[in-house]
Amino acid sequence: MPVQNIAAFCLFVAFTVVSGCNIPPSQWCSSEEVAKTCQVYQQCKNYIQNTANVPVNFTLYYESLCPDCKNFFKQQLYKAFKSVGSIMNLTLIPYGNAREQKIGDQWVFDCQHGKQECIGNVIETCAISILGNISVYMPFIYCIEHSSDSQPSKSAQKCASQFGIDLAPIMKCSTSKMGNDLEHQMAVRTDALRPRHTYVPWVTLNGVHTKEIQWKAEHNLIQLICETYQGGSKPVACSNLKTSGRCYKIDSKPDV
Ligand SMILES: *[C@@H]1O[C@H](CO)[C@@H](O)[C@H](O)[C@H]1NC(C)=O
Ligand SMILES: *[C@@H]1O[C@H](CO)[C@@H](O)[C@H](O)[C@H]1NC(C)=O
Ligand SMILES: *[C@@H]1O[C@H](CO)[C@@H](O)[C@H](O)[C@H]1NC(C)=O
């Protein structure tokens, strides 16, 4: 760094300390208010405009019958989807700790919680593909995950009638070549994780998994999404958060 830049930087740091900006630099452009407090409003302005309304990518790797996955749906995911879904690009990957093997032209799956779990995974995978719209398939999948029935085909039936979803094409898909290929794609996406997942549920935030991100997702997903979102206007649920929770830093490096 040239000398004059270092000088400018030091002056800048001194200035921000004086002005009461006690927020980590990674958050300086998190809102206009913060940018002004930290004296970087002009510098952040273009950045804020460029990133306005870009949703936070949040991906859940899970398997249909695992109790911790079900709890994550119940305690965090569905509430977050309903209250901050507009700023979250949610992707569901139902595969988890399953294994696959190609036999002939079919993929054969071996699931942690047995055959029923494989059936649940492929029903949910087919629902995602056939229904297409997350506002439609999320309540349906949540309902299946919320059910204590150990046979996902039965809970799918109940949930489909509850939400007025035509189940026939989804069930047809789940036993067809199409469903088999779609589930294989879920396997490929899961196996592409770096670092590899070591448990489920496993989450990534803007493509990154760290212990800290995982911990926050499991304890207050709404807050995690709100503080990661870089866009201008946040949903109401974000302003109901305790401000004390806003200052911790998100480690953006993957922990290997
Ligand atoms: C949402 O996530 C999917 C992958 O999970 C990605 O293909 C898509 O581009 C993302 N959309 C936005 C708007 O970020
Ligand atoms: C998705 O479904 C919701 C709820 O039914 C509906 O309001 C919305 O228009 C749909 N979006 C698209 C892109 O079809
Ligand atoms: C979300 O994922 C898409 C597709 O990979 C990417 O283009 C986009 O930049 C990501 N959004 C953020 C906020 O990282």
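**Exercise 1. The hairpin**

How many bridges join strand β3 (residues 99-103) to strand β4 (residues 106-110), and in which sense do the two strands run? The model under study is a predicted one.

*Solution.* Step 1: the two strands are joined by five bridges, and they run antiparallel. Step 2: a pair can be picked out within this ladder, since E100 has F109 of β4 as its bridge partner. Step 3: the connection is examined. Two residues lie between β3 and β4, which form a hairpin, and G104 in the turn has a positive phi of about 65 degrees.

**Exercise 2. The open sheet**

Determine the strand order of the three-stranded open sheet and identify its edge strands.

*Solution.* Step 1: the order is β2-β1-β5, and the pairing is mixed. Step 2: β2 (88-94) and β5 (202-205) each pair on one side only, and they are the edge strands. Step 3: the average turn between neighbouring strands of this sheet, with direction ignored, is 15 degrees. Step 4: for one of the pairings, seven bridges hold β1 (residues 56-62) and β2 together in the parallel sense.

**Exercise 3. Leucine 60**

Is L60 buried or exposed, and which residues does L60 touch?

*Solution.* Step 1: L60 is located in strand β1, where L60 stands opposite L92 in β2. Step 2: the neighbours are counted. L60 has 22 C-beta neighbours inside 10 Å and therefore counts as buried, the cut-off being 20 or more. Step 3: leaving aside residues up to four places away in sequence, L60 touches L77, L92, I93, P201 and V203. Step 4: sequence separation is set against distance in space. L60 and W202 are 142 residues apart in sequence, yet their C-alpha atoms are 6.0 Å apart.

**Exercise 4. Helix α5 and its partner**

Compare the expected span of helix α5 (residues 115-131) with the distance between its end C-alpha atoms, then describe the packing of α5 with helix α7 (residues 152-163).

*Solution.* Step 1: α5 has 17 residues. The expected span is 1.5 Å times one less than the number of residues, so α5 should span 24 Å. Step 2: the end C-alpha atoms of α5 are 24 Å apart, in agreement with that expectation. Step 3: the residue following α5 is G132, with a positive phi near 75 degrees. Step 4: burial is assessed; 13 of the 17 residues of α5 are buried, and the helix is mostly covered. Step 5: two packed helices are described by the angle between their axes and the distance between the axes. For α5 and α7, the angle is about 35 degrees and the axes are 8 Å apart. Step 6: α5 contributes Q116, I119, G120 and I123 to the contact, while α7 contributes P152, S153 and A156. Step 7: sorted by class, the contact has four nonpolar, three polar and no charged residues.

**Exercise 5. Two ligand shells**

Which residues surround ligand 1, and which surround ligand 3?

*Solution.* Step 1: around ligand 1 are P55, N57, T59, N89 and T91. Step 2: these residues are assigned to strands, and β1 and β2 each supply at least two residues of the shell. Step 3: by class, the shell of ligand 1 has one nonpolar, four polar and no charged residues. Step 4: ligand 3 is surrounded by V54, V56, N57 and N206. Step 5: the shell of ligand 3 divides into two nonpolar, two polar and no charged residues.

Technical notes
Residues are numbered from 1 along each chain as its sequence is written. Chains are lettered from A and ligands numbered from 1 in the order in which they are written. This is a predicted model: local features need pLDDT of at least 70, side-chain atom pairs count only at pLDDT 80 or more; totals for chains, interfaces and linings use all residues. Helices (H or I, at least four residues) and strands (E, at least two) are DSSP runs, numbered from the N terminus. A residue is buried if 20 or more other C-beta atoms lie within 10 Å of its own, exposed if 12 or fewer, and partly exposed in between; C-beta atoms are placed from the backbone. A residue is near a molecule or strand if its C-beta atom, placed from the backbone, lies within 6 Å of it. Ala, Val, Leu, Ile, Met, Phe, Trp, Tyr, Cys and Pro count as nonpolar, Asp, Glu, Lys and Arg as charged, and the others, Gly among them, as polar. Two strands pair if DSSP finds at least two bridges between them. Axes are lines fitted to C-alpha atoms, for helices over the stretch in contact, and angles run from 0 to 180 degrees between N-to-C directions. Two residues are in contact if their C-beta atoms, placed from the backbone, lie within 7 Å.
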